[in-house]
Amino acid sequence: MVSSLPSLPSVLGTDPSSCILDAFRTAIAKRVSDALPPLTIEQAYTGVDYGKKGVDFTVALPRFRLPGKPDELAKKVITDFQPDDFVSSITHDRQFLHFQLNTASLIREVLNQIHTLTYDSPTGKPSYGTNTSGAGKKLVIEYSSPNIAKSFHVGHLRSTIIGAFLDNLYKTCGWEVISLNYLGDWGTQFGMITTGFEKYGSQEELEKDAIKHLYDVYVKVSKDADSDPNVKVEAAKWFKRMEDGDESALANWRVWREMSVKKYIEEYERLNVSFKVYTGESEVGKEWQDRALERLEEMGLISDADGAKLVDLEKWKLGKAVLRKANGTSIYLTRDLGGAIERWEKYHFDKMIYVVASQQDLHLSQFFKMLSLMEFPWADRLEHVNYGLVLGMSTRKGTAVFLDQIIREASSVMHEQMKRNEVKYNNIEDPEMVAREVGITGIKIQDMAAKRRINNYTFNWDRMLSFEGDTGPYLQYAHVRLTSMERKNPELIPLPPPSQIDTSSLTSSQHARDIAILLGSYPDVVKTALKTHEPSGVVTFAFRLAHAISSAWETLIVKGEEDVEKARARLWLYLCARDVLGAAMRLLSIRPLERM
Ligand code: ARG
């Protein structure tokens with residue numbers, strides 16, 4: 001259904017058909033610019049911000065740098081004020097003008113838009129909250145990137161969680177997204193494993209759990225290496241043969257890699273994460289690495305140190321970095337340089353994001369700097385999205401080394417918690433699945449709730465798995481409760497089309513109003529997240545919405561409301577809230593549950 005609001009001039013960069021609050025902001029901007037020539041509506045629009053504490057929108061007059069005192073300017077806007085479909089009142093407080101929206105049209109329009117874009121979306125897929133700002137643009141995003149045969153530590157988990165969010169976010173904003181998992185599948189550790197496999201390897205163990213078995217072999221052979229220097233020499237030889245493309249040295253490695261990837265795919269699926277491309281350090285073509293070295297050489301940036309090649313970045317306070325070892329084998333940094341060039345040739349991206357822990361800030365700055373010194377015109381399209389440490393994540397059995405241990409621990413802690421309420425527990429159809437999903441939601445929310453990614457945080461199982469406070473389980477619970485509304489009110493289902501639902505009964509409810517304006521702000525929340533690359537804004541939004549809904553339950557009842565018109569309007573409000581909460585959770589890579 002199309003909006004029944006009066007028409008307005010269109011302001012560049014706004015899109016009321018996907019964000020109805022844009023229309024309300026435009027109406028405010030029009031009032032302000034009409035009263036304060038020569039201010040244009042576009043200029044006025046940039047000054048319309050969300051208000052604080054119960055104020056819908058606020059305009060700070062000084063930012064327009066108009067002649068005259070703020071007081072006088074404010075009076076010009078307020079004089080002869082007539083409420084309309086957009087604005088119901090304006091107040092003036094020093095240099096600020098505060099605007100309250102027309103509640104009846106706010107509620108009706110927001111719900112209409114959510115309904116239309118969820119069930120009658122022009123794209124055929126629910127699209128409320130999405131936008132097309134990235135149409136025609138391509139993002140390459142690399143995240144997770146664990147190392148085969150080493151542990152999948154919480155740093156990798158954070159990269160996975162934040163990366164999956166950004167992956168979804170860019171898609172939501174219309175970008176074409178190519179997600180890469182850049183495995184640590186190359187390097188001397190594979191020489192070590194090859195050396196150790198004869199002694200410690202078992203085909204059976206390998207087939208059971210390749211990730212774990214290769215790790216075990218690596219740990220054992222590393223121990224041997226501590227007492228016997230020959231082990232490392234042997235390992236380096238093996239790796240050199242691998243680098244030289246010796247098929248007999250590569251055969252085992254190939255199998256190990258493939259089996260590990262298979263296992264990873266299963267685990268990522270649990271996390272609701274998937275990658276377009278599994279690549280890895282092993283796949284970076286030699287020619288690209290050589291090209292990078294040649295280019296740096298030409299530019300006089302490389303020096304020789306005992307046969308090894310060094311690049312001097314002291315001038316930029318980025319130290320000195322080794323690019324090739326004396327025996328000619330490549331290293332991490334060179335692979336990243338070559339890899340970036342190769343990805344450019346392959347994808348011609350508009351942007352490439354690396355989601356990597358801040359412990360590697362120096363490494364990323366070095367290699368970004370080198371690419372820009374090499375004068376690649378696309379060098380400034382690279383962006384490092386970094387994040388702080390997770391402290392204290394260990395399972396009850398000790399430090400977690402594998403992703404599946406973390407997932408299992410979260411599920412089992414959650415499962416125990418659920419069993420405490422026996423009656424409820426017996427009603428759950430698939431408690432294992434629910435425990436796992438809620439457990440994973442707990443981990444993700446705790447991770448993404450931190451105001452800024454860059455801050456370290458301390459992992460806390462108890463807090464994470466509690467149903468109280470701003471936790472993952474609480475969000476799932478809020479969603480389940482909203483979903484149950486349809487089941488519990490079968491006599492109202494299906495609801496008539498929006499044009500036949502009378503929302504006027506909601507107008508007098510502060511709760512309904514609070515929920516409506518929050519729902520209306522969701523497209524803005526998405527846009528802000530794209531600018532900041534912070535998931536916390538979306539998490540905060542989800543909690544604010546869940547809180548607003550839980551405060552409404554008692555007064556805005558559906559079951560037991562005798563007036564059918566009223567009951568319908570309320571149910572519609574809750575169902576729209578469910579759809580938006582669900583969308584926000586999915587954006588955060590969480591699978592919203594329908595029952596628990
Ligand atoms: N595998 C690396 C590690 O675990 C992370 C890779 C980050 N990405 C990159 N292009 N360097 O430390």
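**Leu313**

I started at Leu313, which sits in the loop between strand 9 (308-312) and strand 10 (320-324). This is a predicted model, so I'm reading everything here as computed. Buried or exposed, I wondered about Leu313? Its relative accessibility is 0%, so Leu313 counts as buried; the cut-off for that is under 20%.

Next I looked up what Leu313 touches once neighbours within four places in sequence are set aside. I got Leu318, Gly319 and Lys320, plus Gln366, Lys369, Met370 and Leu373. Of these, Lys320 falls in the range of strand 10 (320-324).

**Asn386**

Then I went over to Asn386, 73 residues from Leu313 along the chain. Their C-alpha atoms are separated by 21 Å. Asn386 is also a loop residue, placed between strand 12 (382-385) and strand 13 (390-391).

I checked burial here too. Asn386 has a relative accessible area of 16%, and since the cut-off is under 20%, Asn386 goes down as buried.

Which side chain does the side chain of Asn386 make a polar contact with? I found Asp361, at 3.2 Å. Asp361 also turns up in the contact list of Asn386, which leaves out residues up to four places away in sequence. The other entries I noted are Val356, Ala357, Ser358, Arg453 and Ile454.

**Domains**

I pulled the domain bounds to see where these spots fall. Domain 1 covers 20-101, domain 2 is 138-284 + 332-390, and domain 3 is 402-587. By those bounds Asn386 belongs to domain 2, while Arg453 and Ile454 belong to domain 3, and Asn386 touches both of them. Leu313 falls between the two segments of domain 2, yet Leu313 is in contact with Gln366, Lys369, Met370 and Leu373, which are in the 332-390 segment. I also looked up domain 1 against domain 2: their C-alpha centres lie 53 Å apart.

**Whole chain**

Last, the overall numbers. I counted 21 helices and 16 strands. The C-alpha atoms fill a box of roughly 90 × 65 × 40 Å along the principal axes. Of the 596 residues, 55% count as buried, and I can put Leu313 and Asn386 in that group.

For contacts between residues at least 6 apart in sequence, 72% join residues at least 24 apart. The accessible surface comes to about 27300 Å², with 50% of that belonging to carbon and sulfur atoms. On charges, I have 75 positive and 80 negative, and their mean positions are 3 Å apart.

Methods
Residues numbered from 1 in each chain as written. Predicted model: local features only at pLDDT ≥ 70, side-chain atom pairs only at ≥ 80, totals over all residues. Heavy atoms only, no water. Helix = DSSP H or I, 4+ residues; strand = E, 2+ residues; numbered from the N terminus. Buried < 20%, exposed > 50% of the residue type's maximum accessible area, 1.4 Å probe, protein only. Contact = heavy atoms within 4.5 Å. Areas by Shrake-Rupley, 256 points an atom, 1.4 Å probe, with all protein chains shown as cover. Lys, Arg positive; Asp, Glu negative; His and termini not counted. Charge placed at Lys NZ, Arg CZ, Asp CG, Glu CD. Domains from an automatic or database assignment. Polar contact = N/O pair within 3.5 Å; in protein donor to acceptor, adjacent residues only side chain to side chain.
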